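Me: Please take a close look at one part of this protein for me, the salt bridges, and set them in their surroundings. Plain wording is fine.

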Amino acid sequence: MRGGWFAICRASMRNPPGPMSPRRSTTKRLAYAGLASGLALFTALIAWEGVREVARTLASAGTGLVWVTLFHLAPLTASALGWYALFGATTRPPFRTFAWGRWIAESINQLLPALHVGGNIVRAQLLTRRGVPGPVAGASVVVDITLHLTGQLVFTSLGLCLLLAHVGGRALAGPVVFGLLTMALMVAGFLAVQHRGVFGAMSGLIARIVRSDGWSALSANAAALDGAIRGFYADRRRLRTSGVWHVLSWLLGAGEIWLALRFLGHPVGLATAVVIESLGEALRTAAFTVPGALGVQEGGFLVLGRLFGFTPDVALALSLAKRVRELALGVPGLVAWQLPRVSTLVGARARAAAPDGSQ
């Protein structure tokens, strides 16, 4: 569910056609280097704290892990509603299309070395298959990412303020203010670039480099893409509605932390859950080159756990509970994403193998 349009553009430009392309190799090396480093850090942290202790603590949650997984459908649905709200009632596909797209995109971004890029492209392509014009589909993803990041800025601000209140000191005031200003400047810069109409020109350039039918469907008309972006921003009521849904999505994510810790036998208040989830997700966003923030999330939870009195095995078990949820929802998402392609391929081979006149 995390990553920006800049990342999509960079990744696309690094992947021109050709199996031996140096640019494609560079992207793959970056993705797999992130995967290798994250896996090494993840393994080291689990081994250092004790595999048995962590496994025992995680197992203590029992069937509670099922409820944690099911609860994630709430923030996922709220995020999909934020994307859905950008469209008018007469121009948008059914809500299930947006929910399906968010699910598939999150599965790709969390489980594949896609640099938090591939899922956003796939969900835009999904809209085009449902009859939405390519430029409008691409523009909706650009605006949705912006609102999602803005919602994260609000959520992280809340989490940092609650953390300062919990710690009760001024030592974190400087880093907190600096972090908030940095995030605010990033979102403001992202908005400024969109309003200047730069993305349409960039998308047209990428289409010539990539030469992909899927990408061309999203950027067939650069001017139309810029116009669609401006059109989405012109409707302030829909923007506000979408923004509210995205903030709610982040807040509901804290409920997942609250629920997981309760099943792990270490219940906390909602304020603590907001701090852990907001700062944990900020780390995941910063570590977009590491698939699923593998190892990074675990290290962040260990640090936050010390602040709130968790033992290392509890902090790591909490992170693993989120991993269980990612696999439980993400693997079926990847399968669902590939099923149409597999069905098409099997059907084509069956027709090719059939005797003449039997089709």
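Reply: E298 and R323 are both buried. Their side chains form a salt bridge, with the closest N and O atoms 2.9 Å apart. E298 belongs to helix 15 (residues 296-307) and R323 to helix 16, so this pair ties together parts that are 25 residues apart in sequence. Salt bridges with shared partners also join E106, E256, E277, K322 and R325 into one network. Note that the model is a predicted one.

One pair within that network can be described in more detail. E277 forms a salt bridge with K322, and the closest N and O atoms are 3.3 Å apart. The two residues sit in distant parts of the chain, 45 residues apart: E277 in helix 14 (residues 270-286) and K322 in helix 16 (residues 312-353). Both E277 and K322 are buried.

The D235 and R238 pair has another setting. Their side chains meet in a salt bridge at 3.0 Å, N to O. D235 counts as partly exposed because its relative accessibility is 23%, a value that lies between the 20% limit for buried and the 50% limit for exposed. R238 is partly exposed for the like reason, with a relative accessibility of 26%. In total, the model has 11 salt bridges.

Next come the helices around these residues. R238 falls within the range of helix 13 (residues 236-263), which has 28 residues. At 1.5 Å a residue, helix 13 should span 40 Å, and its end C-alpha atoms are 41 Å apart, so the two values agree. E256, a member of the network, also falls within the range of helix 13, residues 236-263. I257 lies in helix 13 too, and it counts as buried because its relative accessibility is 0%. The C-alpha atoms of I257 and P267 are separated by 9.7 Å, with the two residues 10 apart along the chain. After helix 13 comes G265, which has a positive phi near 85 degrees.

E106, another member of the network, is one of the buried residues of helix 6. The buried residues of this helix also include F98, R102, I104 and I108. Helix 6 has 17 residues and reaches 24 Å from its first C-alpha to its last, close to the 24 Å expected at 1.5 Å a residue. R96 is in helix 6 as well (residues 95-111), but R96 counts as exposed because its relative accessibility is 64%. On the surface, R96 gathers with R129, R130 and R341 in a patch of positive charge. Residues in such a patch have no salt bridge, so R96 stands apart from the pairs described above.

The surface also has a nonpolar patch, formed by V66, W67, L70, L73 and F263, with about 470 Å² of accessible area together. Helix 4 (residues 64-71) gives the largest share of this patch, 3 residues. L70 has its place in helix 4, and it counts as partly exposed because its relative accessible area is 44%. F263, also in the patch, is at the end of the range of helix 13, residues 236-263.

Note on methods. Residues are numbered from 1 along each chain as its sequence is written. This is a predicted model: local features need pLDDT of at least 70, side-chain atom pairs count only at pLDDT 80 or more; totals for chains, interfaces and linings use all residues. Side-chain values use heavy atoms; hydrogens and water are left out. Patches are made of residues with over 30% relative accessible area and no salt bridge: like charges are joined within 9 Å, nonpolar side chains (Val, Leu, Ile, Met, Phe, Trp, Tyr) within 5 Å. Accessible areas come from the Shrake-Rupley method with a 1.4 Å probe; for residues, only the protein chains shown count as cover. A salt bridge is a side-chain nitrogen of Lys or Arg within 4 Å of a carboxyl oxygen of Asp or Glu. Lys and Arg count as positive and Asp and Glu as negative; His and the chain ends are not counted. The place of a charge is taken as NZ of Lys, CZ of Arg, CG of Asp or CD of Glu. Helices (H or I, at least four residues) and strands (E, at least two) are DSSP runs, numbered from the N terminus. Buried means under 20% relative accessible area, exposed over 50%, partly exposed in between (1.4 Å probe, protein chains only). The expected span of a helix is 1.5 Å times one less than its number of residues.
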